[in-house]
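Trainee: I would like a close look at one sheet edge. Please start there and work outwards to the chain contacts.

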Number of protein chains: 4
Amino acid sequence: MTLNIGVIGTGAIGRDHIRRITNTLSGARVTAVTDVQPKAAEETIATYGLDARALATGQEVIASRDVDAVLVTSWGPTHEEFVLASLAAGKPVFCEKPLATTAQGALNIVKAETALNHRLVQVGFMRRYDAGYRALKSVIDSGQIGAPLIVHCAHRNPDVPERYTTDMAINDTVIHELDVLRWLLDDDYVSAQVVYPRRSRHAFAHLADPQIVLLETAKGARIDVEVFVNCQYGYDIQCEVVGEAGTARLPEPMAVPLRVGAQRVSAILTDWKERFIASYDVELQDFIDAASEGTAAGPSSWDGLAAAVSADACVAAQGKPGAIVPITLPERPALYV
Amino acid sequence: MTLNIGVIGTGAIGRDHIRRITNTLSGARVTAVTDVQPKAAEETIATYGLDARALATGQEVIASRDVDAVLVTSWGPTHEEFVLASLAAGKPVFCEKPLATTAQGALNIVKAETALNHRLVQVGFMRRYDAGYRALKSVIDSGQIGAPLIVHCAHRNPDVPERYTTDMAINDTVIHELDVLRWLLDDDYVSAQVVYPRRSRHAFAHLADPQIVLLETAKGARIDVEVFVNCQYGYDIQCEVVGEAGTARLPEPMAVPLRVGAQRVSAILTDWKERFIASYDVELQDFIDAASEGTAAGPSSWDGLAAAVSADACVAAQGKPGAIVPITLPERPALYV
Amino acid sequence: MTLNIGVIGTGAIGRDHIRRITNTLSGARVTAVTDVQPKAAEETIATYGLDARALATGQEVIASRDVDAVLVTSWGPTHEEFVLASLAAGKPVFCEKPLATTAQGALNIVKAETALNHRLVQVGFMRRYDAGYRALKSVIDSGQIGAPLIVHCAHRNPDVPERYTTDMAINDTVIHELDVLRWLLDDDYVSAQVVYPRRSRHAFAHLADPQIVLLETAKGARIDVEVFVNCQYGYDIQCEVVGEAGTARLPEPMAVPLRVGAQRVSAILTDWKERFIASYDVELQDFIDAASEGTAAGPSSWDGLAAAVSADACVAAQGKPGAIVPITLPERPALYV
Amino acid sequence: MTLNIGVIGTGAIGRDHIRRITNTLSGARVTAVTDVQPKAAEETIATYGLDARALATGQEVIASRDVDAVLVTSWGPTHEEFVLASLAAGKPVFCEKPLATTAQGALNIVKAETALNHRLVQVGFMRRYDAGYRALKSVIDSGQIGAPLIVHCAHRNPDVPERYTTDMAINDTVIHELDVLRWLLDDDYVSAQVVYPRRSRHAFAHLADPQIVLLETAKGARIDVEVFVNCQYGYDIQCEVVGEAGTARLPEPMAVPLRVGAQRVSAILTDWKERFIASYDVELQDFIDAASEGTAAGPSSWDGLAAAVSADACVAAQGKPGAIVPITLPERPALYV
């Protein structure tokens, strides 16, 4: 009854998922591993004491008879190929974001899965598994604050390396809001606009930072997302939903309230990896549970496509300050309703 | 040494100012009163036991020898006339907002005061006297959060009567943010844009509610002001300033933290009159203190003009959803630097 | 109609009250001043530009025909004499705490005032005028949390000078809780116990710090007051009332919430003088208003006596760790019911 | 490499542990089950789809060759026998609290384990595994607030059934504080006193509620624990540690901050089972990990003994209001240092 998982890509996130499958989660084990660096795959097997084989390619992993389900944690440009191959093999596949590096790639996957008329793909949008976002969604769905009209968000990092470029504010940063807000509101985006405040002196000269992304949804809600990746003070994710009868906020991460040195103080996280760490466990357990039943749950390839299309529009809006760029999704297949 | 004040207009706010001059503040007394309803002036004198005369017109009040300073709390369209007359008489004058009902009217006052080369006018923007805004400004000015880049604001009322129209969201509501944010940031606006979220079902059909006003400042800061006058849950003023090194928020009004009925609870005010009640005392004492020295402090006629010009642009932006409307002030006279 | 006030004692607190009568409050002026240092009285008149006479003694001030009401802000051991003299003269008198340095002295005053069958004395327990305590009392009186069963308090100072002795933790520090909690609960104390935690290494060797004072009330409520006068981090007053149906806390003083340096931060006051500064204004205005009517309001001489008797019991309990010391008040005269 | 666990007792908590071993935790499976109601054991096997045998007695479970480690979740009076038998069999054993129903029983276990000179017993004090308490301990151990001098605690339940008796406030309720505070402070208790506030009208007539338990530690810290099991408003666990340089509090459980109906609101839990639900997972995983290495971690049988001895003293103190009852532990064996 144990699910046999094959892992494609043993970089940081791949190894982290292998660790949690092996030591923390229930109902699965890693039986096959591959990496573009064959030595990395073998070292990973040794490090975690896996009873697994190191295979030469992702395709071999997918084809392997002792692999029931696939984890794609390789380089982004390879995702589409491995997800499509998993679909062809009829095996559940968990794919780290992005599902594909282009909207067309994501659409190819949606079409392949739609042809099967059976969900097999889960995309690695972990925020949907965060206890705080889940509690917030539960409050919204309860009707306590009425229909959502406005969402105010902030996505702040203490700093970013020099290689972080202006478009990465969308593709690597706001991409999380793009997914989680669709889910939170049960809605889709229809337009995007980008506003550039005065640039922080802590940002590298080539980077527009902070930025504000304005979104409009099909139901008419308005969203503002402040993206500020050199905010200095911490990794801070804010989300306030304004409804017709009240407001609800994403809870702050747990912190010990102190009184010291003439201050009431609570620590703010500085490392993004700690912020959603618990949600990775829940996310992957959800994959294991669904895959054990031969299917997939959670963020779908349709969600991956929606995120890709929306992100493309936001990047386009970055290039035309003040302009309102429409966001148009293809018709949603019944499989994803 | 006691300042003799003449009051023009004994409506609710006029009587309220008379009460605080008489019972609460120090260094002034009301010696002359007028109202368009002569009986109202006499009743006010009786109610507060004033040793004052009821005069027939505002002009008589201004001209009266036992009036050292003037309080203009009459109907908005009369403000310009009475402020100009006070300037002509060389008497300090406190004018409730608006300073004038048009930008041109405010400009007339600025010019008259500039010709005197001496400040005599204080405009009734009381938020600058609120302890919370003052503490926030003190934090910003201390440099703790670095240069301000973004300001997120919300101005929420539980509900409004049917006569409240869409443009009043600017002229009666956002007008307070327009003044206080200029002061908070020591900056001016250069453009405005208005965004319309889905209308709340609690708003009358003729009213666009909520609205979001986006402002850009001369220094490049970006401001978003959510105006939501049918938010149902309370009168709630939010202001978060995002600086290069940190953020600072307007403190919440004092409330007793309770634990009852499975909830941690703190009351939110529902009546706007209570929110800034203490600031009216500080504001008017500031007027008394400066007027006793023959001058004026606090929000100037230039600030009144800047608010009027900015509000006009916002109303123009309301009419062109998505458009970015420039805000242009005349050159600032040295008197107001 | 202006109340003429004579001030006995122009030390720090005397001058502070003179300043607020002159510049801030309404309806009174200082007409006579005395101090054991005649020069100090004259300097005070000059500093505040008073239209007042410097008199040789407190008795002269009380007897003066241009003095309607008396402020006793002299050295503690002189309070009883001046309050009794004011009563004999039939003049309202505000006496800074302590009302007398012994319970017997306070009882003498209670008897003299009871003989007049008319309240003339207000004792300077300013916490009853603090907006936070008033809001807390209002919540308790509303019945929202049910009958009070337990009160948890903390009274923390950052540090104290070497001359601060163990009994001063009662007579100078807990004395404020002893008064304000009687008022808050509308109750009296029946016993006291003192517990000594491990001594802080920041306390001088002669001082037991922190201490915990346990009180029982006539209605059966139990109170614990942590007194910690070398807590290092700030001046912090805490009060949590546990009722049959919920709890209510004293609100924190206003502070700007910041996010800086990996912390959510709000400042804590370090100077006790700032904590209740606004309440001194309300307190003295209350005295002026009542004295203008020929009487006194607020904390009475009975409250001063109750505080003195309770403090004596607490000091006795300090000397017998673990022992429960009864607190017995004389019968309450009808004047104070 | 999977740990085979035998479970003695399939009541609510036994089944809950079986569920988490089977569906949530990593590295173990349930292979044998027993209950005083044989049918209950069989039903449990069916419910969770276990590949396990239903055995007739706890002794059979302990003796079974396919049982590597034992879970004792049976009726309290049987705990001592099964833990001793597990020790005799040399098998790691997790025992729900109480370790034994008497201090002598706990001492028997300590002696048996000490004779083995090897830890095999973990007691089910789950609060040590709560993320909030762990964060609080981490702050204390960091030295940020200096040496702990005072701890203020509250343990509040909304209500209790009629069978809940006054001594259960110690043995079922305060028992959790008795364990977790020893661990938090790395200290032992030397005395206890109980104070009875006015009884809540919501308590059954036979029950003293609330109560306050005062503890003194070997290092001189003073602890007050308010126990209030009919507080009506929720299940609320408070803990504030006052150190020489600052204070630290147990974080509140996560809750969505709402603004609705003129209130800022966050939900308080009402069901104690939800409060520490996540800590049960961590606790049992810790047992599995240590048992897989042939030993035990976490709360030891010495901790179980210390809790029993301390609880006995508290119950004695309940019978002598105002008296200070000494708490004396035997000498601590080296195994537990």
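Trainee: In what sense do strand E2 (residues 28-34) of chain B and E3(B) pair, and over how many bridges?

Mentor: They pair in the parallel sense, over two bridges. Two strands pair if DSSP finds at least two bridges between them. Strands (E, at least two residues) and helices (H or I, at least four) are DSSP runs, numbered from the N terminus. First, the ground rules: this is a predicted model, with local features requiring pLDDT of at least 70 and side-chain atom pairs pLDDT 80 or more, while totals for chains, interfaces and linings use all residues. Residues count from 1 along each chain as its sequence is written, chains are lettered from A and ligands numbered from 1 in the order written, and side-chain values use heavy atoms, without hydrogens or water.

Now the whole sheet. Chain B has an open sheet of six strands in the order E3-E2-E1-E4-E5-E6, with parallel pairing. Strand E3 (53-54) and strand E6 (121-123) of chain B are its edge strands, each pairing on one side only. At the E3 edge, B:Val33 stands opposite B:Ala54 of E3(B). Helix H9 (residues 277-292) of chain B packs on this sheet, touching E1, E2, E4, E5 and E6 of chain B. Its direction makes about 150° with that of E4(B). Contact means heavy atoms within 4.5 Å. Angles run from 0 to 180 degrees between N-to-C directions, with axes fitted to C-alpha atoms, for helices over the stretch in contact.

Chain D also has an open sheet. Its six strands follow the order E3-E2-E1-E4-E5-E6, and the pairing is parallel. Strand E3 (53-54) and strand E6 (121-123) of chain D have a single partner strand each, so one side of each lacks a neighbour in the sheet. Inside chain D, strand E1 (residues 3-8) and strand E4 (residues 69-72) pair in parallel over four bridges. There D:Ile8 stands opposite D:Val72.

Next, chain B against chain A. Each chain gives 39 residues to the contact. The buried area (accessible area, 1.4 Å probe, lost on being put together, summed over both parts) is about 2,800 Å², with 57% from carbon and sulfur atoms. The interface holds four salt bridges (a side-chain nitrogen of Lys or Arg within 4 Å of a carboxyl oxygen of Asp or Glu). One salt bridge joins B:Arg201 to A:Glu244, the closest N and O atoms being 3.1 Å apart.

Last, chain A against chain D. Here 27 residues come from chain A and 27 from chain D. They bury about 1,900 Å², 63% of it from carbon and sulfur atoms. A:Met254, A:Val256 and A:Leu258 supply 26% of the area that chain A buries there, more than any other three residues. Salt bridges number zero across this interface. Strand pairing crosses it: E12(A) and strand E13 (residues 258-260) of chain D pair in the antiparallel sense over three bridges. One bridge partner is D:Leu258, for A:Ala248.

Definitions and conventions. Buried area = accessible area lost by both parts, 1.4 Å probe.
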